Amino acid sequence: SILNWEWYKDANTARVFLHLLIKANYNEGNFKGVVIKRGEVVTSYKSIAAELDITEKNARTALNHLKQTGEVASTKYSKFQVIKLNNYDKFGQKSRRSKEV
């Protein structure tokens with residue numbers, strides 16, 4: 001249950017995770033020559049901070065929490081990073097055309 005998730009009561013970490021989940025690629029695409037797979041997000045600490053109205057330090061700390069506990073992994077590039085939500089398919093439908101039961 002989400003209520004028992006270790007980061008549920010950490011407002012910044014929970015918000016950052018939810019934000020990444022909402023922004024994650026649904027289908028594979030490309031960004032500046034990099035393949036961005038389903039369940040991945042192109043972002044930066046600065047972008048997350050601006051989009052959530054938190055400090056860059058808070059964004060970095062939240063992402064570090066999520067990395068430490070395996071919710072996300074990241075690959076850094078010179079001007080952005082790609083965040084992978086490790087269990088992306090667990091949170092949504094695998095196909096937009098599939099019906100909810």
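Let's start at the surface: Ile-2, Leu-3 and Tyr-8 together make a nonpolar patch of about 310 Å². Of these residues, Ile-2 sits in the segment that precedes α1 (11-23). Please keep in mind that you are looking at a predicted model.

**The nonpolar core**

Moving inward, the largest nonpolar core holds 23 residues. Val-16, Leu-20, Ile-48, Leu-63, Leu-66, Val-72 and Leu-85 have the most contacts inside this core. At least two core residues come from each of α1, α2, α3 and β5 (81-85). Helix α1 gives the largest share, with five residues. As a general backdrop, nonpolar side chains tend to be buried together in soluble globular proteins.

Leu-66 is a good residue to click on. Leaving aside residues up to four places away in sequence, Leu-66 touches Trp-5, Trp-7, Thr-13, Val-16, Phe-17, Glu-71 and Val-72. One of these neighbours, Val-16, is also listed among the core residues with the most contacts.

**Two salt bridges**

How many salt bridges does the structure hold? There are two, and the table sets them side by side.

| Acidic residue | Basic residue | N to O distance |
|---|---|---|
| Glu-51 | Lys-23 | 3.0 Å |
| Asp-89 | Arg-38 | 2.6 Å |

In the bridge between Glu-51 and Lys-23, the acid belongs to helix α2 and the base to helix α1, so the pair ties together parts that are 28 residues apart in sequence. Glu-51 has a relative accessible area of 41% and is therefore partly exposed. Lys-23 counts as partly exposed too, at 35%.

The salt bridge of Asp-89 with Arg-38 links distant parts of the chain, 51 residues apart: Asp-89 is in the segment after β5, while Arg-38 is in the loop between β2 and β3 (40-43). Asp-89 is partly exposed at 36% relative accessible area, and Arg-38 is partly exposed at 27%.

**Positive phi in two loops**

Two backbone spots deserve a look if you check torsions. Lys-32 has a phi near 50°, a positive value in a residue other than glycine. Lys-32 is found in the loop between β1 (29-31) and β2 (34-36). Is Lys-32 buried or exposed? Lys-32 counts as exposed because its relative accessibility is 65%, and the cut-off for exposed is over 50%.

Asp-53 likewise has a positive phi, near 55°, and is not glycine. Its place is the loop between α2 (45-52) and α3 (56-68). With 72% relative accessibility, Asp-53 counts as exposed.

Definitions and conventions. Residues numbered from 1 in each chain as written. Predicted model: local features only at pLDDT ≥ 70, side-chain atom pairs only at ≥ 80, totals over all residues. Heavy atoms only, no water. Patch = residues over 30% accessible without salt bridge, like charges linked within 9 Å, V, L, I, M, F, W, Y side chains within 5 Å. Areas by Shrake-Rupley, 256 points an atom, 1.4 Å probe, with all protein chains shown as cover. Salt bridge = Lys/Arg side-chain N within 4 Å of Asp/Glu carboxyl O. Helix = DSSP H or I, 4+ residues; strand = E, 2+ residues; numbered from the N terminus. Buried < 20%, exposed > 50% of the residue type's maximum accessible area, 1.4 Å probe, protein only. Core = buried A, V, L, I, M, F, W, Y, C linked by side-chain atoms within 4.5 Å. Contact = heavy atoms within 4.5 Å.
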